[in-house]
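Trainee: Please take a close look with me at the side chains in this structure, one at a time, and tell me what surrounds them. I would like to follow the reasoning behind each label as you go.

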Amino acid sequence: MQFISSAIKYIQQKILSHKKISCFVLGMLSARALPPFYAFPVLFLTLSAFLLILNTSENKKQSFAFGYWFGFGYFACNMAWIGNAVLIEAEKLGWLFPIILLAAGGFFGLFIALPALLSNLLKSFYARWLSFASWWVIFEWIRSFILTGFPWNLLGSVLAFDLTLLQAAAVVGTYGLSLAVLLVCSAPALTIFYKNKTAVLTAALAVSFITGSLIGYGKYHLAQMDMAQSDTKIRLVQPAIPQKMKWNRQKLEQNLEQYINMSKQAGLEDIDFVIWGETATPFALDFEPQYMEKVRTAIPTKGHLITGLVRFEYKDGDFHPLNSSFIIDKNGNIANYYDKSHLVPFGEYIPLRRFLPDWITPVTNTITDFLAGSGPRSIKIEDKPSFGISICYEIIFPHQIINPKDKPEWLINLTNDGWYGISQGPYQHLVTTQLRAIEEGRTIVRAANTGISAVINPYGRILTQIPLNKSDIFDINLPQQLFINTIYGQKGNFLPIILCLLNISIAFAIKNKQH
């Protein structure tokens, strides 16, 4: 026992003598709790230890620095997969890889630094505990719209190892789950700081109440789930074409043929919708009829093909590309379309374009920026259930994937995670899609070039999936229960933000109380 006690004191001494490095390491370790690793217990250590270090700061500048280094380590690790995109053309863009890692940590670290600073303005440790968790979530929400937004890896996604725990997203969204995780996992810091029965009781009550609420509601909500199937049958097509081959000019026709041949396999006549991924066809089908004729052979006689592609629009004296999707019938008629509205910075457009040289172009092999579409909408095809379409990372934005005035019955997410190889990215993208399904109470069909393609019901249950980098098709009937009405779907981020503001108000009310 004496040896253990001495070891603990030694570790504490080292941590406190190198606080910024310790915060950086704690941030890196926290990233392991995210999909697909799910090392959830580590958050009890990292978040509690960080709060205790933060409490030792002597001024505002130090509080900001501790939060910044924690955030730097956290985001640099959980977004490291983004750098894989530039390695597709390593000889041309590989030099950007370390810059991307530094930029991810360097910029997004601010979103932890500011909560750390704001929470440390209060004297009471109880107040700091409540305040830090709440400000973290508020800045997660700010991250969803500042500079066009990038709300990737919201902390609530660490609960995706258990579908029961995710169900509360139907009420408070992923932001609400983030708040629950932060309060629960940092609660041990109360007992370490105060070392009294009141602190132990407060921590135990917080953990028990929040955890019990998540489990209780989750079990109740899942009990409403209907697993019956509808008459609408879809075919998911995942060719697993490596990104380096996808836009190789010598392989374009071969790639399209692969999609077509896979789609034409036995049973096509019974399919209502064949679904391909983002930019599945490299050809502008509305301008190149010879390729439309080929594509028609992959369309069911009484069904439709939904495919991603780049379409072009004439504007200001020139043709401009749009990341789009077509719904095509057997006769080659374009029944409807959807244009991606939330574009990827540097991937599909260059921010602050007028201040930068023309030789800087988007990563997605275009010589000019994409145009943005008009936003989410509902599409109705004949007597089939109405659906909405999102393309690629549009699905990561909570309460922004459905038009609230014209809600569809189910959703399709067309994506291409081939840019990111075998990394955390595709798995995290799939979990994000699960969370959107629960929040909005909508079945979501995810079609990805290299995977992970999946059908997810309104409760976030994955009904089927095609693994990463596997070439395959899958036929499945959509659920009978295509959608459910959820509180979050109706109220959006109102409830989680109100909860955060309520916590902050309580924190200010007890800001000077030490016990």
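Mentor: Let us begin with C77, which has a relative accessible area of 26% and is therefore partly exposed, since that label covers values between the 20% limit for buried and the 50% limit for exposed. Please keep in mind throughout that this is a predicted model. The count of disulfides comes to zero, and C77 accordingly takes part in none, the nearest cysteine sulfur being that of C23, 14 Å away. A disulfide would require two cysteine sulfur atoms within 2.5 Å. For C500, the closest cysteine sulfur belongs to C185 and lies 16 Å away, so the two are too far apart for a bond. C500 is buried, because its relative accessibility is 0%.

From the cysteines we can turn to S57, which is placed in the loop between α3 (42–54) and α4 (60–78). Although it sits in a loop, S57 counts as buried, because its relative accessibility is 14%. Its side chain comes to 2.9 Å from the backbone oxygen of L54, and the side chain of S57 also makes a polar contact, at 2.5 Å, with the side chain of N120. Leaving aside residues up to four places away in sequence, S57 touches Q62, S63, F66 and N120, so that N120 appears both as a contact and as a polar partner.

The aromatic rings deserve the same care, for the structure holds 39 aromatic pairs. One of them joins Y314 and F319 edge-to-face, with 5.1 Å from centre to centre and 65° between the planes. Within that pair, Y314 is exposed, because its relative accessibility is 54%, whereas F319, at 43%, is partly exposed. Another pair, F387 with W410, is tilted, with the centres 5.4 Å apart and the planes at 50°. This pair links distant parts of the chain, since F387 belongs to strand β6 (residues 387–391) and W410 to strand β7 (residues 410–415), 23 residues apart. F387 counts as buried, at 0% relative accessibility, and W410 is likewise buried, with a relative accessible area of 0%.

Finally, two arginines should be read together with aromatic rings. The charged end of R32 sits over the ring of F37, at 3.8 Å from the ring's centre, while R377 lies over the face of Y337, 5.8 Å from the centre of that ring.

Note on methods. Residues are numbered from 1 along each chain as its sequence is written. This is a predicted model: local features need pLDDT of at least 70, side-chain atom pairs count only at pLDDT 80 or more; totals for chains, interfaces and linings use all residues. Side-chain values use heavy atoms; hydrogens and water are left out. Helices (H or I, at least four residues) and strands (E, at least two) are DSSP runs, numbered from the N terminus. Buried means under 20% relative accessible area, exposed over 50%, partly exposed in between (1.4 Å probe, protein chains only). A polar contact is a pair of N or O atoms within 3.5 Å; within protein, one must be able to donate a hydrogen and the other to accept it, and residues adjacent in sequence count only if both atoms are side-chain atoms. Contact means heavy atoms within 4.5 Å. Rings of Phe, Tyr and Trp (its six-membered ring) pair if their centres lie within 6.5 Å; planes under 30 degrees apart count as stacked, over 60 as edge-to-face and the rest as tilted. A charge sits over a ring if NZ of Lys or CZ of Arg is within 6 Å of the ring centre and within 35 degrees of the ring normal.
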